[in-house]
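Trainee: Could you take me through one part of this protein in some depth? I would like a close look at a single strand and what surrounds it, with enough of the whole to place it.

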Amino acid sequence: MFGVTRHWHKRIVRAGENTLETFRANPPDRIIADDDILFLDFGPIFEEWEADFGRTFVLGDDALKRRLADDLPRIWDAGRAYFRAHPEITGAELFDRVVELSEEAGWHFGGEIAGHLVGEFPHEKISGDEIESYVAPGSSGPMRRLDPSGRVCHWILEVHLVEPDRRFGGFYEELLDLP
């Protein structure tokens, strides 16, 4: 378990139609089925630093579910490449690009945000009004900046894809800005 004893956010396991829900939702428990899609979202703390990690898994041979799961890291990688290619990028610009990449691949983007700041635990709680702490519409400040303590800001990029008929989704996230 890599020495992890705490998590900074709730641990999420979602399957089937529950994969359509965003982080804040608390859908009813659901038993994972034989031909299901599911995702995990964990926020472990490593040596007093927050991490955030999400992955999608497909049980069975459903080609559409497998394609969605395969597209998640590709879209994440393309989002990261866009971030790296644009030194003055804002959270709103990166959000728009990730949504565009999702749609180009034939999916809906299912998230309200496409990422957020992480830092030393316990970080100052991000309030819903602090849009500059998110990769989201309205986040107009540069992502490459220093935090109030003078440290470089670190970001999580997250991709939440939803199947066009909105029967299921998938999720992928990890640290955006370290090599």
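What follows is a walk through one strand, its partners and the core beside it.

Mentor: Happy to. Keep in mind that this is a predicted model. Let me start with the whole, then settle on strand E8. The protein has two helices and nine strands, and along the sequence they run in the pattern β-β-β-β-β-α-α-β-β-β-β. Of the 179 residues, 45% are buried. If you take contacts between residues at least 6 apart in sequence, 61% of them join residues at least 24 apart. The accessible surface is about 9,700 Å², and carbon and sulfur atoms account for 54% of that surface.

Now to E8, which covers residues 154-162. Is this strand enclosed or open? Eight of its nine residues are buried, so E8 is largely enclosed by the rest of the structure.

Let us go through its strand partners one by one. Strand E6, residues 108-109, pairs with E8 in the antiparallel sense over two bridges. Within E8, Leu161 is the residue that stands opposite Phe109. Strand E7, residues 115-118, also pairs with E8 in the antiparallel sense, here over four bridges. Gly115 has Leu157 of E8 as its bridge partner. Then there is strand E9, residues 169-175, which pairs with E8 over seven bridges, again antiparallel. For a position to look at in that pairing, take Glu158, whose bridge partner in E9 is Glu173.

E8 and E9 also form a hairpin, with six residues between them. One residue to find in the turn is Arg166, which has a positive phi of about 60°. While you are in this region, have a look at Glu163 and Arg167, whose side chains meet in a salt bridge with N to O at 2.9 Å. The two ends of that salt bridge are not alike in exposure: Glu163 is buried at 2% relative accessible area, whereas Arg167 is partly exposed at 48%. As general background, side chains of opposite charge can pair when their charged atoms come close.

Next, the core. What does E8 share it with? The largest nonpolar core holds 28 residues, and Leu94, Met143 and Val159 have the most contacts inside it. Helix H1 (63-85), helix H2 (91-104) and E8 are the elements that give two or more residues to this core. H1 gives the most, with six residues. In soluble globular proteins, nonpolar side chains tend to be buried together.

Met143 is a good residue from which to explore this core. Apart from its neighbours within four places in sequence, Met143 is in contact with Phe83, Ile89, Thr90, Gly91, Leu94, Val135, Cys153, Trp155 and Leu176. Leu94, one of these contacts, is also among the residues with the most contacts inside the core.

H1 deserves a short stop too, for a charged pair. Asp71 forms a salt bridge with Arg74, with the closest N and O atoms 2.9 Å apart. These two residues are three apart in H1, so about one helical turn separates them. Asp71 is buried, at 9% relative accessible area.

For context, the structure holds nine salt bridges. Another one joins the side chains of Asp147 and Arg151, at 3.5 Å from N to O. There, Asp147 is partly exposed at 23% relative accessible area, and Arg151 is partly exposed as well, at 36%. Glu17, Arg30 and Asp36 are linked in a network of salt bridges.

To set against the enclosed strand, finish at the surface. Val13, Ile32 and Leu59 make a nonpolar surface patch of about 230 Å². Ile32 sits in the loop between strand E1 (12-15) and strand E2 (37-42), and this residue is partly exposed, with a relative accessible area of 39%. Beyond its neighbours within four places in sequence, Ile32 is in contact with Ala15, Leu38 and Leu59. Ile32 and Leu59 are 27 residues apart in sequence, with their C-alpha atoms 9.2 Å apart in space.

So, back to E8 for the picture to keep: eight of its nine residues are buried. E8 pairs with E6, with E7 and with E9, and this strand is one of the elements that give two or more residues to the largest nonpolar core.

Methods
Residues are numbered from 1 along each chain as its sequence is written. This is a predicted model: local features need pLDDT of at least 70, side-chain atom pairs count only at pLDDT 80 or more; totals for chains, interfaces and linings use all residues. Side-chain values use heavy atoms; hydrogens and water are left out. Patches are made of residues with over 30% relative accessible area and no salt bridge: like charges are joined within 9 Å, nonpolar side chains (Val, Leu, Ile, Met, Phe, Trp, Tyr) within 5 Å. Accessible areas come from the Shrake-Rupley method with a 1.4 Å probe; for residues, only the protein chains shown count as cover. A salt bridge is a side-chain nitrogen of Lys or Arg within 4 Å of a carboxyl oxygen of Asp or Glu. Buried means under 20% relative accessible area, exposed over 50%, partly exposed in between (1.4 Å probe, protein chains only). Contact means heavy atoms within 4.5 Å. A nonpolar core is a set of buried Ala, Val, Leu, Ile, Met, Phe, Trp, Tyr and Cys residues joined through side-chain atoms within 4.5 Å. Two strands pair if DSSP finds at least two bridges between them.
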